[in-house]
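Work through the exercises below with the structure open beside you. Try each task before you read its solution.

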2 protein chains.
Amino acid sequence: MHTVAALAGVSIASASRVLNGLGGSPETVSRVRAAAAEVGYVPNAIARSLQSQRTDLIALAVEDIGNPVYVEMMRAIESVVAESGRQLVVHATGGQVAAETALLRRLAHRYVDGMVISPIRVTDSHLEAMAASPAPVVVIGQLPDEAPIDNVRTDSRAGVALAVSHLVAGGRRKIGFVNGPLDTVPGAARDGGFRESLAHHGIPIDEQLIEVGNFQYAAGRAATERLLSRATPDAILCANDLIAVGALHALLVAGLRVPQDVALVGMDDTELARMAYPQISSVSLGSATRGNLAAQLLLARIKDPALPPRREQVLPKLVVRASSEVGQR
Amino acid sequence: MHTVAALAGVSIASASRVLNGLGGSPETVSRVRAAAAEVGYVPNAIARSLQSQRTDLIALAVEDIGNPVYVEMMRAIESVVAESGRQLVVHATGGQVAAETALLRRLAHRYVDGMVISPIRVTDSHLEAMAASPAPVVVIGQLPDEAPIDNVRTDSRAGVALAVSHLVAGGRRKIGFVNGPLDTVPGAARDGGFRESLAHHGIPIDEQLIEVGNFQYAAGRAATERLLSRATPDAILCANDLIAVGALHALLVAGLRVPQDVALVGMDDTELARMAYPQISSVSLGSATRGNLAAQLLLARIKDPALPPRREQVLPKLVVRASSEVGQR
DNA sequence: GTTTCGGCTGTAAACGTTTCCGGGAGTCTC
DNA sequence: GAGACTCCCGGAAACGTTTACAGCCGAAAC
């Protein structure tokens, strides 16, 4: 910029003003423009950040960038973030508490203007780190009610209930359940929802029909195999779509027909559910909507940090596909 | 930092030195440490960047963060980038030339230290922008031989040949081909490879058996349906795994058995191929390896910009699974 | 007792911008 | 024709670090 100013024969202050479109006489404007073009001037983002105290970067921390549910969130977030002229910095945490709190603490370095994080477990150190963070944080997922943090959540218990009701309405009574780890927030919620929901329909809980793995395809397949070796359900509910695809695989290998012998329902309603054959029914937890809302909340808070903490809720919705169609028994 | 220095009763220079572990008397060291702890001092990443002329950020630009092949690359890149203490900024370009060149030009702002880009089309404006970029760029994919740019590629023609030979060896002669757009680098290479390879095996080319869509699931499925409405192949080769999953779906819906009636082979060997039922054979183009190499090249160049341009090649490898097992007719 | 050396320290410049402030020139109004 | 007002402009400070340089002091060497 010094160079540009010198070349145009003006002060750097004037050059800066012209290049930011803040006034200047026609004469100087054209001289500065010409000089900038001649030397191929490009403003330095870092110096600008230092001065403006913003980086125009937003961080996103998710467990696993391979899980399609996070891909959908990421796409949604990316689009609103890009719209606002900012960019996304993506972190994969592997679901590790230490990695997540480290990331949160790093916010203090001000390398981004804010963060959207979707922790799979929420610990006290999370809460502390978020409270201490000078940069705004928005959480996708459950949070203690008293935590003063912007938060968008869904009601996965209600989601599970939708699925169970649907299966029961289709005449299924021996409903299996393949869940993720119980010490995670979603795992615990789904477990609770499942038990609650069976009780509500007057169906006794059969522990033989419940299996736990993690939220991945391979674990879902293995867990389903274990379940099938013990009992034969007439339906299986899975805690997410990756697990459901694994379960489908296990069912087909076992020679069971879906949905005739066993109905199958997943959760998250990702494209994976549509890509399976038969297509898998799934409880939509509005991942794109949640991502979108989270990004909006974050931008709003960056704009006005004094805003009271907000909490958004998106309602689950069941999408029925071939894998659980009623009347296919 | 001013505050810390004042509190410790030393100059900011001394404070800086202590906090960076560069000497200082035991007395000052402990005073500065104590002061820093007291006020909860955290260094400002931006000011540091302005001074050090590095941001410790690496950009990654891919067409679609939803495509599992890019997810694999991203994971591989993320891990080496994180290992070096840097972070990844992810951009989704949607395969748009304008978006990609804009991104490349933005490198001049120095908001990242370098970029890995995997363009699906390579135009002159790409080459210009890369040549003009003051920050290093590594390309994953084909590039004109004379372009002086670090580059890691694979030989997808050879990959196609592996698949065709495998199918022919299994007794298939009416081999269908579902490709992505021919104006993309991978699309063109695969088309060339397919024709070349059939010729090599003395099989005449039947245009009825060739379809073009894009590299997505839905397009793959639709293209396969079109193909099946015209002819009945005894094998189908797909330009990537997303297409292959779509093709599988179309085949099953049409009542065809895989592999008995139609053998199926995809490309990229992503987890998607393993998650399908039956599992889909796929030509591995080493996406993780390519990502890893690209990241290494980039870090090496950042360290020493004077390095001559390097070019790495990873060999394709066929992974045979149930969808094309020999002897299943 | 003088010189030399090494270890610490503080001053100040530098990184590349933006922006506040004051001054100068020109125009309008009465 | 004088005052008020507007518009531009340049100087300089500021953002928060790192680091080159020079100065100081004490200890070691002769």
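**Exercise 1.** Sort the surface near DNA strand C by residue class.

Solution. The model is a predicted one. Start with the total: 24 residues surround DNA strand C. By class, 12 of the residues on this surface are polar, 9 are nonpolar and 3 are charged. The closest residues are Ser16(A), Ser14(B), Arg17(B), Ser25(B) and Thr28(B).

**Exercise 2.** Find which helices each supply at least two residues of the surface near DNA strand C.

Solution. In chain A, these are helix H2 (12-19) and helix H4 (45-52). In chain B, they are likewise helix H2 (12-19) and helix H4 (45-52).

**Exercise 3.** Determine which part of DNA strand C lies within 4 Å of the protein, and list contacts to its phosphate oxygens.

Solution. First, take the atoms of the strand within 4 Å of the protein: 62% belong to sugar or phosphate, and the rest belong to bases. Next, look at single contacts. An N or O atom in the side chain of Ser25(B) is 2.8 Å from a phosphate oxygen of the strand. For Asn44(A), a polar backbone atom is 3.1 Å from a phosphate oxygen. For Met1(A), the distance from a polar backbone atom to a phosphate oxygen is 3.5 Å.

**Exercise 4.** Describe the largest pocket and its lining.

Solution. The volume of the largest pocket is about 780 Å³. Its lining has 31 residues, and the closest to the pocket centre are Thr55(A), Leu57(A), Tyr111(A), Leu57(B) and Tyr111(B). The lining divides into 12 polar, 10 nonpolar and 9 charged residues. H4 of chain A and H4 of chain B each supply at least two of the lining residues.

Notes
Residues numbered from 1 in each chain as written. Chains lettered and ligands numbered in written order. Predicted model: local features only at pLDDT ≥ 70, side-chain atom pairs only at ≥ 80, totals over all residues. Heavy atoms only, no water. Near = heavy atom within 4 Å. Polar contact = N/O pair within 3.5 Å; in protein donor to acceptor, adjacent residues only side chain to side chain. Helix = DSSP H or I, 4+ residues; strand = E, 2+ residues; numbered from the N terminus. Nonpolar A, V, L, I, M, F, W, Y, C, P; charged D, E, K, R; others polar. 1 Å grid on protein atoms, 1.4 Å probe; cavity = no way out; pocket = protein on both sides within 12 Å on 5 of 7 lines; lining within 4 Å. Points joined across faces, edges and corners; volume = space filled by probe spheres on them.
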